[in-house]
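This report describes selected features of one protein model. The sequence and structure are shown first, followed by the findings under short headings.

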Amino acid sequence: MTQENVENRIAMHNTSGYGNHYTSQTDDWTLFVVINCVSLSQAMKIENTSSR
């Protein structure tokens, strides 16, 4: 989940812009789906449910 521009976030992952984290192990991240939410709590619920 993010509150920033999704395309910029993908670009940051692909250029190791977030440092030496799990997502920096590869540089070919692509956007699969975007779900616009009305609140941060709604986004967190969706993300927590989908990661089970």
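## Largest pocket

Which element supplies the largest share of the lining of the largest pocket? In this predicted model, that share comes from α2, which contributes five residues. The helix α2 spans residues 40–50, and α1, spanning 6–14, likewise supplies at least two residues of the lining.

The largest pocket holds about 930 Å³ of space. Its lining comprises 24 residues, and those nearest the centre are Met 1, Thr 2, Leu 31, Val 33 and Glu 47. Sorted by class, 13 of the lining residues are nonpolar, nine are polar and two are charged.

## Ends of helix α1

The N-terminal end of α1 is capped by Asn 5. A side-chain oxygen of Asn 5 lies 2.9 Å from the backbone nitrogen of Glu 7. After α1 comes Ser 16, which has a positive phi, near 55°.

## Nonpolar surface patch

Four residues, Phe 32, Val 33, Ile 35 and Ile 46, make a nonpolar patch of about 450 Å² on the surface. Of these, Ile 35 is located in the loop between α1 and α2. Val 33 belongs to this patch and is also one of the residues nearest the centre of the largest pocket.

Methods. Residues are numbered from 1 along each chain as its sequence is written. This is a predicted model: local features need pLDDT of at least 70, side-chain atom pairs count only at pLDDT 80 or more; totals for chains, interfaces and linings use all residues. Side-chain values use heavy atoms; hydrogens and water are left out. On a 1 Å grid over the protein atoms alone, a cavity is a set of points where a 1.4 Å probe fits but cannot get out, and a pocket is an open set with protein on both sides within 12 Å along at least five of seven lines; lining residues have an atom within 4 Å of a point. Grid points are joined across faces, edges and corners, and a volume is the space filled by probe spheres set on the points. Helices (H or I, at least four residues) and strands (E, at least two) are DSSP runs, numbered from the N terminus. Ala, Val, Leu, Ile, Met, Phe, Trp, Tyr, Cys and Pro count as nonpolar, Asp, Glu, Lys and Arg as charged, and the others, Gly among them, as polar. A polar contact is a pair of N or O atoms within 3.5 Å; within protein, one must be able to donate a hydrogen and the other to accept it, and residues adjacent in sequence count only if both atoms are side-chain atoms. Patches are made of residues with over 30% relative accessible area and no salt bridge: like charges are joined within 9 Å, nonpolar side chains (Val, Leu, Ile, Met, Phe, Trp, Tyr) within 5 Å. Accessible areas come from the Shrake-Rupley method with a 1.4 Å probe; for residues, only the protein chains shown count as cover. A salt bridge is a side-chain nitrogen of Lys or Arg within 4 Å of a carboxyl oxygen of Asp or Glu.
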